[in-house]
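Trainee: Hi, I have a new model open and could use a hand. Could you walk me through it?

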Amino acid sequence: MDLASVAEALKATLSPQLRKQAEDKLTQICKTTGFVPCLVQIILNEQCDMGARQAGAIYLKNHVNTYWSDYNEPTADPDIMTLANAVNVNISPAAGDNTPKLFVISDPDKDYLRNVLIDAIIRTKDPLRCQLITAAGTMIKSDFPSKWPRFINQIHTCLSTDNIGTWESALLVFYTLVQHYEYKKVEDRNPIDEVMNVLLPLLHQRFMQLFAHNDSDQSALIQKQILKIFHAYTQLHLNFRVLPTQTMTTWLDTCCAMIERRLPERLDALDEEDRAEHPWWKCKKWAFHILIRTFERHGSPANLPKGQSPDKIEFANFYLKGYSGKVIGLVFGVLEAYRQKIFVSPRVLQLSLNYLRESVRHAFSWKIMQDHVVVLIQDIIYPLLCISDDDIELFNDEPVEFVRARLDILDEYISPVSAAELFLSDAVAKRKDVLMKTVSFLGTIIHNDTITVKQKDGVLHMLGVIGNVLIKKKAFANQLENMIVQYLFPELQSQTAFLRARACYALRNFSKLEYSNPDNSARCLTYLIHCLCNDVSLPVKVEAAMALNLFMSDSDTGEKGKAIIIPHLQIIVMRIIEIIRQTEIDDIMIVLQKIVGLFDQELQPIAVQMTSQLVDFFKHVVCSENTPSEESKAEERTVAAMGVLNTLDTIVSCMGEKPEILSQIEQIIYEAILIVLRDGILDFYEEILTLVDTLTINTVSPLMWQVFYLIKEAFFRDAADYFAEIMNCLHNYVVNDTPSFLSQPNRIETVFEMCKHVIVNDLGEDSEAHAAKLIEVIILQCQDNMSAALPAIVQLIAQRFQREIVTTELRLMLLQVFIVILWLNPDRFFQTLNTVAANDPSTQTVIGNFFNQWMTDSESFAGVHDRRVCALGLCTLLRIDAKYYSAISNIVPKILPNCIHIYQGLIKTYQHNEDDSDDDSDDDDDSVPSEIDDGDDENIEHEDDLLAKLKGKVPDHEMSGDGLDNDNGDEDDDSDFDMDETDLESYSTVLEANEDIDEFQIFCQCLQQLQSDTTGYNQALLQNLSAEQRTQIQNIIHYAEKRKQEKESNKIRDAGGYNFSQSSGAGQPLNLNFGGLENSPFQNTK
């Protein structure tokens, strides 16, 4: 292969004018054997143009990622798979995964790359190296260990040299291997355990060699990488064969030594931002990561899940009682340095506080640190919670950025201030006397005449942190109201803006306080409303809005609180919308949603104006262009725009009973719907379809029928994967405006083509089940109008049965389509089956086997609707015309046993639902964690135990097909019996709408008609029934009569008459004569 021409093509990909032609050329030659070696040679050729080398590295990475594995990767979300592996849950890959690829890189090219890649990585530097390392990661996932056995020898050889540059590159590659196994289950980690058994001693040797003799920046980078490797290997699982306690202690000592290490003086010349990002400080950070993870995951008996091996329990006891004290001493050393104004990087400070927070939970470690907690709170926590000069500058100069930083969800994981908040919150909640000491300290500060505004901010900040705990403590209950009035209310009117913001923040955690003086409660709401509506500072408005949200959430606010809010409601809403426009933050959108939900009646006058402003903001967000540097802000805007759509959905829901307002709102919202569906903005498909669902939930306007065609275009363009969401809308079109749906023949055709597209193109069995459900709904809703479409529907269902079906849900839904056709018109059903079988011989086997498949699967029907469909279908068979006996002769003996199972299931479900309606209750537990004695550990529920409990609570039918099993064999006979509706039952049909369709009365009528049978059909049905089954049928008949009497009694009661369910005979044994059935063959004679 000509290296020069390939290099020229790679270079040309960097030119916009030549890119398309160059990419086409590379696509033509990339599948030729020798292409991979050609790319590697170009990448390593220092005489070659750097642009071509970079393009070659990127192309190689993408080429390997696409064509290395022999099979397509599973389509399950990798984040979900990682989480599932971490908590030992099996998730089956989606159907159609792991299919062979049409092209893979040739074996000679693969062998070549395995042999040279690590050497190529060592010979290159970033940005080339990072691309090659990513390619190595792809190869490791596919090939290690079986197809790349030399990988570890190659790494070992590199680490055995004296060239530390080689060590660095080898460790970066090795880290990708460790990451591959980081979240795998114990039973899948044997390959990495074997590797670590060999390489960990060498890694430790190299670390200590550099630690003792080399303080260069490159040395720090290598030591940091070794610590990252060790952390990734041990953070979830400890293998005591690889890391016995003595070896583990050696590594922990190494981490402690790194934390204690005095860093090179040259770092002092750097500014603080650069110093914090220096590799030496990152070494300390990763050392802390290891110690914290060891403590919380492996280092305390209270943290271990039940049933752990003796070596794990032994290590936990060793760490807690033999090692935690040493680390706490080191942590206090780091904090003392910070106290003495010696630089400590923010991440190291944050991790130090996190370690102490974990220590609070355990009696042994708490005893070590409890004598220092007052100093810790006074000299570390309190100064951290005081606003800094940088924050004041940001507050004043860039208020939007200040608000974004305050509400950043990632802040908890990196910020020392967040760590201080969490430590203080846990300490005052979990350990005695800490709360009292904290309040006493705050008292001394607040009464100091020389207190500064920054110090006052720290006091308010701490009050906000401990507010939830203070409210629950009787010792402070009588003092809190005076404290709020004396110290917080004045600051809401402070001349200093950040103190007003902090006072609003502090009031958040006192929202549930019951004021003894109603005037104080009113003042509190009034101050917050004033801060929101009239303050000139954006952060103050934001904090006031979020505080007001919590006060509105508290039911104790009641009518008096609403009376205070309502006069200001319109301006409150407009101010919040202004904030949303300025900040583009979803947290504020939640406040607006709360207000709309609580004050739907009062907001009707401005509902149209609110909707207009929100839609304008949405259009601004989705139409704005973002540069790469604004990527993170673009994500925030996207979330905010999603929040807008959710708020619009809330507005529509609240205005549903005001058609004149809803009509205007609909016109405005249509603009947002049009933009998203017409332009294919995938990020908002789910929210926009939910909005369409809400707009059509009761009626369908002509404008919404225009949206129907937008949905159609989007579906066939790029929205087929969203069919489950689309179906909600289609269901509304069919059920809520059936005349309009039928008025245009192309509408039925459109919906059927969408369902057919889903079923034919393997879009996943969940989507296929939704498509089958929609077909069922249409057949039931439209009935006689569907005659012409039935052959195509039957053919589609029959053809789908010819392919593999994994989930029971899909198989049952396909059967239900056949069953409803049978129930509605048996003659048309058999005529359609014969027509389809004649026209498409490939369907004959499926059609011929339908009744056998139905009888086999009858016991799998779950939920009310699905069982009712099955019951009505079985009743149709009980009274089928004699001319069809031959078609069902094989399954006749199975009809009544399946009737018994289905009707018993319905009885249990109905009775369960009746019991639920009597026993409904709400349990809200807003309590804070209880204090624990200083000699006790907190009772910590491990994630594995929690998962086991969740498994035990989830009904079996909800887990079917997901690879989750319920192994509890001690449950009663009803444990495998679902009492809840299936997922697809939320889609209503005429069965739910028509109360006159009573499957129990129909069953009894069928049995009565069978008494006069002279064809022998009745005898064929009965001949194999046992005495027990006959009794069970009699019980069903008795239940049907009782059900009939209750319905009649309810009608009389609703009409104002006598309620027979309360008569003296209620509860007495029934002795029914149901139209002669008392003496029927089902009566079990003694």
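**A first walk through the model**

Mentor: Happy to! Let's begin with one residue: Arg 828 is partly exposed, at 22% relative accessible area. Keep in mind that this is a predicted model.

Trainee: Which residue does Arg 828 meet in a salt bridge?

Mentor: Its partner is Asp 784, with 3.7 Å from N to O. The two come from distant parts of the chain, 44 residues apart: Asp 784 sits in the loop between helix 41 and helix 42 (790-801), while Arg 828 belongs to helix 44 (residues 826-839).

Trainee: And Asp 784, buried or exposed?

Mentor: Exposed, because its relative accessible area is 59%, and the cut-off for exposed is over 50%.

Trainee: Which residues do shared salt-bridge partners join into one network?

Mentor: Asp 762, Glu 765, Glu 768, Arg 800 and Arg 803.

Trainee: Why would such side chains pair up at all?

Mentor: Opposite charges on side chains can pair when the charged atoms come close.

Trainee: How many salt bridges does the count come to?

Mentor: The count is 41. One of them joins Asp 426 and Arg 357, at 2.9 Å from N to O. That pair also links distant parts of the chain, with Asp 426 in helix 23 (residues 416-430) and Arg 357 in helix 17 (residues 346-360), 69 residues apart. Asp 426 is buried at 13% relative accessible area, whereas Arg 357 is partly exposed at 26%.

Trainee: What about Asp 616 and Lys 619, how far apart are they in helix 33?

Mentor: They are three residues apart in helix 33 (residues 607-623), so about one helical turn separates them. They form a salt bridge too, and their closest N and O atoms are 3.9 Å apart. Asp 616 is partly exposed at 36%, and Lys 619 is partly exposed at 23%.

Trainee: Let me zoom out. How many helices and strands are there?

Mentor: The protein has 55 helices and zero strands. Of its 1086 residues, 51% are buried. Among contacts between residues at least 6 apart in sequence, 77% join residues at least 24 apart.

Trainee: Where could I look for a buried lysine?

Mentor: Try Lys 773 in helix 41 (residues 765-782). It counts as buried because its relative accessible area is 0%.

Trainee: Which residues is Lys 773 in contact with?

Mentor: Beyond its neighbours within four places in sequence, Lys 773 is in contact with Met 727, Met 813, His 865, Asp 866, Leu 984 and Tyr 987. Its C-alpha atom is also 7.7 Å from that of Val 817, 44 residues away along the chain.

Trainee: Now the surface. Which residues gather in the patch of negative charge?

Mentor: They are Asp 271, Glu 272, Glu 273, Asp 274, Asp 390, Asp 391, Glu 393, Asp 397 and Glu 398. Helix 13 (272-276) and helix 20 (389-397) each give two or more residues, and the largest share, four residues, comes from helix 20. Asp 397 lies in helix 20 and is exposed at 55%.

Trainee: Which residues form a nonpolar patch on the surface?

Mentor: Ile 409, Leu 410, Tyr 413 and Ile 414 do, with about 460 Å² of accessible area together. Leu 410 is in the loop between helix 21 (399-406) and helix 22 (411-414), and it is exposed at 52% relative accessibility.

Trainee: Thanks, that gives me plenty to click through!

Note on methods. Residues numbered from 1 in each chain as written. Predicted model: local features only at pLDDT ≥ 70, side-chain atom pairs only at ≥ 80, totals over all residues. Heavy atoms only, no water. Patch = residues over 30% accessible without salt bridge, like charges linked within 9 Å, V, L, I, M, F, W, Y side chains within 5 Å. Areas by Shrake-Rupley, 256 points an atom, 1.4 Å probe, with all protein chains shown as cover. Salt bridge = Lys/Arg side-chain N within 4 Å of Asp/Glu carboxyl O. Buried < 20%, exposed > 50% of the residue type's maximum accessible area, 1.4 Å probe, protein only. Contact = heavy atoms within 4.5 Å. Lys, Arg positive; Asp, Glu negative; His and termini not counted. Charge placed at Lys NZ, Arg CZ, Asp CG, Glu CD.
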